[in-house]
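Subject: Structure handover

Hello,

Here is the structure you asked about. My notes on it follow below.

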Amino acid sequence: MSVQPETFKSLLKAAAEQLIASAPELTSLDQAIGDGDHGTNMKRGFEAVLGKLDAISAQPLNEAFKAIGKTLVMTVGGASGPLYGSFFLAAGEALSQDKHLPDDLADVFGSGVDAVSARGRSQAGEKTMLDVLVPVLETLKAGAGQPDLIARVRITAAEAVERTVPMQATKGRASFLGARSVGHVDPGARSSCVLLHAVCAGLEARQ
């Protein structure tokens, strides 16, 4: 079983457009505890992905993921570019090594999560995008093959974002604020949730 090119293209387009539309919210969140550029940076990166949509989606899935990763690394500023880029590059590499979607989704997603953790030298609990990615990975592992998996992922991501509010940041720009970082949603966690929710919505529409 494999993801069809037209399905992948549709999901990628929807995810990119939703991220772009969320740029003002992400900027506002980042103004509170970061440099204030997360929304602008992510918008620029996913506009670049949209600009290459036909070329990316025409490639084999493993190469398509790598192309997304390379595009984000080259166009997204700050820490987000390398982190998101690392996720997609690692997922593409996993797909190059006898992994397939959707059958091996947890393994492929896990490769991306591991790459983000390694690149950022961080782990869940430090008020970063990993505070969404790690719980979602756990949900994918626990719910493999379950008919309500998409709904579980969506709920997990949304709840995980809210759990970043009481956390004190220990990584990234927000860590400079110390205790003042408490009480705010982490921008990277929110952008991760936006992308995941867009993909979930696209998959549910095809069921």
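For sorting residues by class, Ala, Val, Leu, Ile, Met, Phe, Trp, Tyr, Cys and Pro count as nonpolar, Asp, Glu, Lys and Arg as charged, and the others, Gly among them, as polar. By that scheme, the lining of the second largest pocket holds nine nonpolar, eleven polar and seven charged residues. Please keep in mind that this is a predicted model.

The second largest pocket encloses about 550 Å³. Its lining comprises 27 residues, and A79, S80, L83, G172 and R173 are the ones nearest its centre. Two or more lining residues come from each of α2 (23–33), α3 (38–51), α6, α7 and α10. Of the elements, α6 gives the most to this lining, with three residues.

The largest pocket has a volume of about 1,200 Å³. It is lined by 43 residues, with L11, L101, L105, V199 and L203 nearest its centre. The elements giving two or more residues to that lining are α1 (5–21), α5 (61–75), α6 (80–95), α7 (105–120), α8 (130–142), α9 and α10. The top contributor to the lining of the largest pocket is α10, with six residues. By class, the lining of the largest pocket has 34 nonpolar, seven polar and two charged residues.

Next, α10 itself. Its 19 residues should span 27 Å at 1.5 Å a residue, and the C-alpha atoms at its ends are 27 Å apart, so the two values agree. At the N-terminal end, D186 acts as a cap on α10, with a side-chain oxygen 3.1 Å from the backbone nitrogen of G188. The buried residues of α10 include P187, G188, A189, C193 and L196.

S181 sits in the loop between α9 and α10 (187–205). Is S181 buried or exposed? Its relative accessibility is 0%, so S181 counts as buried. A polar atom of the S181 side chain lies 2.9 Å from the backbone nitrogen of A169. Beyond its neighbours within four places in sequence, S181 is in contact with I33, K127, M167, Q168, A169 and A174.

The last residue in these notes is T156, which belongs to helix α9 (residues 149–163). T156 has a relative accessible area of 15% and is therefore buried, the cut-off being under 20%. Apart from neighbours within four places in sequence, T156 contacts P135, V136 and T139.

Regards

Key:
Residues are numbered from 1 along each chain as its sequence is written. This is a predicted model: local features need pLDDT of at least 70, side-chain atom pairs count only at pLDDT 80 or more; totals for chains, interfaces and linings use all residues. Side-chain values use heavy atoms; hydrogens and water are left out. Helices (H or I, at least four residues) and strands (E, at least two) are DSSP runs, numbered from the N terminus. Buried means under 20% relative accessible area, exposed over 50%, partly exposed in between (1.4 Å probe, protein chains only). Contact means heavy atoms within 4.5 Å. A polar contact is a pair of N or O atoms within 3.5 Å; within protein, one must be able to donate a hydrogen and the other to accept it, and residues adjacent in sequence count only if both atoms are side-chain atoms. The expected span of a helix is 1.5 Å times one less than its number of residues. On a 1 Å grid over the protein atoms alone, a cavity is a set of points where a 1.4 Å probe fits but cannot get out, and a pocket is an open set with protein on both sides within 12 Å along at least five of seven lines; lining residues have an atom within 4 Å of a point. Grid points are joined across faces, edges and corners, and a volume is the space filled by probe spheres set on the points.
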